[in-house]
Amino acid sequence: MESLVLSDRFSDFYHAFHQDDQTAYVTLGVPFENIDPLAVLELNGDSDGTRFYWERPEYEMALAAGNKVAVLRNSGSGRFRNISRQSDSLLQTVRYFSEINHSMAGAHLAGGFSFFDQSMSGSWSSLGNASFFLPEWLLVRDGQFSMINITRPWNKKDSLEEIQNWFLDWINQFVSRLSNNIERSRILRYSVTPGGDIMPVESEAERIRWIHNVTKARQHISEGHYRKIVIARDLKLRTKNKVSSTKLVHFLRKEYPSCYTFMYQLNGDATFLGSTPEKLLSLHSQYIKTEALAGSIPRGNTATQDAILEKKLQESSKNREEHAYVLDAIKDKLSMLSDSLEYAPEPVIKKYANVQHLCTPVAASLRNNMNPVDIIEQLHPTPAVGGYPELDAMQKIQELEQIERGWYAGPVGWFNSNRRAEFSVAIRSGLIRRNHVQFFSGCGIVEDSNPEAEWEETRIKFIPMQKALEYALE
Ligand SMILES: C=C(O[C@H]1C=CC=C(C(=O)O)[C@@H]1O)C(=O)O
């Protein structure tokens, strides 16, 4: 990267903005070596303890970001609107320079929202109800193309030469830190991962209580309080050995290539991560994609068994009902933002390593250019993670679950100054803080649900994170 030379356009760019009082940050986008962004995150070390990772291998797109230049936080019921406003103001103060014309060349904000808007306690408090960061660096791999966006505060006193040199030095230091750490990793290549014990902190009493609560939910449904509710549970584990988040993420993305694998850590505290099959929103040129994903059945051990289960899922009225609530809610919510809604007439089956789901992809063109956070506010929570009707179910979830959901089932992702965005629903996820691990798993309850079978469904949904944890012990 020593050959980085900024064209005359950079000088024009500098002169256009350097006296501008509205400018607070400058972002430079340059092509980068085609290297795995997760390896970069791992090799770069913790730095200031703020990190983000995002990948859906089947889309051939990965994104890693580190070090905060600015942080947006908010809590309470106005958190979506507040983050939308804060992000508009912040992004208006970032001046962007790139020789590349690409929708990922720009300033990005990475983070997400908790499921509920009540204040967060314990390990969740570092993430808050809503937090995003403007990273110092963000590396994007899009197929065979890679680029890095680097952001720094703008100081009117800096000369053109000083700014150019700063960027040049930054890139050189970044690259040499990566090379030195690659050398170090090569030396350690043959070291054996010791693994370590994982101690589950789960009891039969918890199982009985959860099943009792699902039975209660069914009763509420038959009394007509609501028609569907999603009840989750957690699995608390304690590990003897340290957990490597990047190793855990590496395992997840390898095993679940059609899921979004994500990781988010703010200020070196707890890390929230997971591998979710559920897309909340992708936004590109005012075109939205989302999906209804609800209704589940396990995978079979043989092709025949798998096909029989698939057919059973397609024909299950209980699962079709669960699914229909989600699709109806998405259609209602999107029709307020768009005049053109497209969705498949029948759900398709999406197969993952341990489970298969009913899925209906939905697409729409936005009527107006919107901040992605305003769309998320409309979509969250879908009845795939909340219930139907939404408000009635939401009020009951906390009473019946008795866990703090935190960011489980909340919107997690990124958006950028080109109004491109991608957010997932953060299910099949967990929170790690030192040697304390908490995984989450839930399922939709309708009148016909069998509480024992739902317990089994949540057990199956925990498996990916449990396997990844075993792999990630150092
Ligand atoms: C709430 C979860 O899954 C949702 C997404 C897909 C299928 C679901 C189901 O069949 O119950 C759930 O609605 C979870 O995995 O924690």
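**Exercise 1. Find where the ligand sits in this predicted model, and work out what surrounds it.**

Let's start with the space itself: the largest cavity is the space that the ligand takes up. Keep in mind that the model is a predicted one.

Next, look at the shell. The ligand is surrounded by 18 residues, and the closest are Ser296, Ala384, Tyr408, Arg428 and Gly442. Sorted by character, the residues of this shell comprise seven nonpolar, six polar and five charged.

Then ask which elements supply them. At least two shell residues come from each of strand S13 (287–298), strand S21 (436–445) and helix H11 (451–472).

**Exercise 2. Trace polar contacts of the ligand, and state how much of its area the protein buries.**

Take the side chains to begin with. An N or O atom in the side chain of Arg428 is 2.5 Å from an oxygen atom of the ligand. For Glu322, a polar side-chain atom lies 3.2 Å from a ligand oxygen atom.

Now turn to the backbone: at Gly444, a backbone N or O atom is 2.8 Å from an oxygen atom of the ligand.

Finally, the area. The ligand taken alone exposes 390 Å², and the protein buries 100% of that.

**Exercise 3. Classify the ring pair Trp54 and Tyr260, and say which parts the pair ties together.**

The model has a count of 29 aromatic pairs. For Trp54 and Tyr260, the ring centres are 5.0 Å apart and the planes stand at 35 degrees, so this pair is tilted.

Now place the two residues. Because Trp54 belongs to strand S2 (residues 51–56) and Tyr260 to strand S10 (residues 260–265), the pair ties together parts 206 residues apart in sequence.

Technical notes: Residues are numbered from 1 along each chain as its sequence is written. This is a predicted model: local features need pLDDT of at least 70, side-chain atom pairs count only at pLDDT 80 or more; totals for chains, interfaces and linings use all residues. Side-chain values use heavy atoms; hydrogens and water are left out. A residue is near a molecule or strand if one of its heavy atoms lies within 4 Å of it. A polar contact is a pair of N or O atoms within 3.5 Å; within protein, one must be able to donate a hydrogen and the other to accept it, and residues adjacent in sequence count only if both atoms are side-chain atoms. Accessible areas come from the Shrake-Rupley method with a 1.4 Å probe; for residues, only the protein chains shown count as cover. On a 1 Å grid over the protein atoms alone, a cavity is a set of points where a 1.4 Å probe fits but cannot get out, and a pocket is an open set with protein on both sides within 12 Å along at least five of seven lines; lining residues have an atom within 4 Å of a point. A molecule sits in a cavity or pocket if more than half of its atoms lie within 2 Å of its grid points. Helices (H or I, at least four residues) and strands (E, at least two) are DSSP runs, numbered from the N terminus. Ala, Val, Leu, Ile, Met, Phe, Trp, Tyr, Cys and Pro count as nonpolar, Asp, Glu, Lys and Arg as charged, and the others, Gly among them, as polar. Rings of Phe, Tyr and Trp (its six-membered ring) pair if their centres lie within 6.5 Å; planes under 30 degrees apart count as stacked, over 60 as edge-to-face and the rest as tilted.
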